[in-house]
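Got the model open in your viewer? Let's take a short walk through it, one selection at a time.

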Amino acid sequence: MTDSKAKVLEGKATPRGKYPHARRAGDYIFISGTSARQADNTVIGAQAVDEMGTYDLDIRAQTRAVLDNIADILATFDATLADLTEITAFIVNMNDFAGYNEVYAEVFDYDGPARTTVAVHQLPHPQLLIEIKAIAYKPE
C-alpha cells in the first residue's frame, strides 16, 4: 500500500484485482464489494453436496458472512456497522431476496443505511450469491 488511507486486510480474502478492501476519504470510508469468500478461497454458505462439483448455496449464511466481513473491515477504521450510510447489494438470483432481507433485518432497522439491491448475472466466483459494497461516515 502506498496510501495509508487504503487498506488490504490480512486474514481476509485477497482482492481479485488491484484494489483495497476499503479506502478512507476524509470522514467517509468506502468499502469495496465484499463477499462470503474467506482467506483460503472457500465460501461460507457453500457446502459440497457430491463429488461431481454440486454445491448447496445458502443466501442467509452468505449474507451474514458478508456483513461480518464488512464489520471487520470497518473495525480497522474504528467504525461499526452503525456508521454505514449506504449499502449496495448485488445478488445473483432475486429468488434469494427474502432470505437476504431476513438476515439484513436482523442487523439493520429503518434507521440503518440507505440501501439498493440489484440482481446481477454473476459474481466473480461461481459459489457466490451476494456481494455488498458500502459507504460509512466516521469523522477522523
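Start with the aromatic rings: this predicted model has five aromatic pairs. For one of them, select Tyr104 and Phe108, a tilted pair with ring centres 4.8 Å apart and 40° between the planes. Both Tyr104 and Phe108 are buried. Now add Phe97 and Tyr100 to your selection, and you'll have a cluster of four residues, Phe97, Tyr100, Tyr104 and Phe108, linked by ring pairs.

Keep Tyr104 on screen and bring up Arg115, which lies over the face of the Tyr104 ring, 4.4 Å from its centre. You can find another such arrangement by selecting Lys7 and Phe77: here Lys7 lies over the ring face, at 4.2 Å from the ring centre.

Next stop, helix α1: select residues 59–75. These 17 residues reach 24 Å from the first C-alpha to the last, close to the 24 Å expected. Zoom in on the start of α1, where a side-chain oxygen of Asp58 comes to within 2.9 Å of the backbone nitrogen of Arg60. Then colour the buried residues of α1, among them Ile59, Ala65, Leu67, Ile70 and Leu74. What covers them? Show β2, β3 (28–34), β5 (55–57), β6 (84–91), α2 (97–107) and β8 (130–137), which are included in that cover.

Finish on strand β2, residues 22–25, and pick out Ala25. Is Ala25 buried or exposed? Ala25 is partly exposed, with a relative accessible area of 41%. Now select Ser35 too: Ala25 and Ser35 are ten residues apart in sequence, and their C-alphas sit 22 Å apart in space.

Technical notes: Residues are numbered from 1 along each chain as its sequence is written. This is a predicted model: local features need pLDDT of at least 70, side-chain atom pairs count only at pLDDT 80 or more; totals for chains, interfaces and linings use all residues. Side-chain values use heavy atoms; hydrogens and water are left out. Helices (H or I, at least four residues) and strands (E, at least two) are DSSP runs, numbered from the N terminus. Buried means under 20% relative accessible area, exposed over 50%, partly exposed in between (1.4 Å probe, protein chains only). The expected span of a helix is 1.5 Å times one less than its number of residues. Contact means heavy atoms within 4.5 Å. A polar contact is a pair of N or O atoms within 3.5 Å; within protein, one must be able to donate a hydrogen and the other to accept it, and residues adjacent in sequence count only if both atoms are side-chain atoms. Rings of Phe, Tyr and Trp (its six-membered ring) pair if their centres lie within 6.5 Å; planes under 30 degrees apart count as stacked, over 60 as edge-to-face and the rest as tilted. A charge sits over a ring if NZ of Lys or CZ of Arg is within 6 Å of the ring centre and within 35 degrees of the ring normal.
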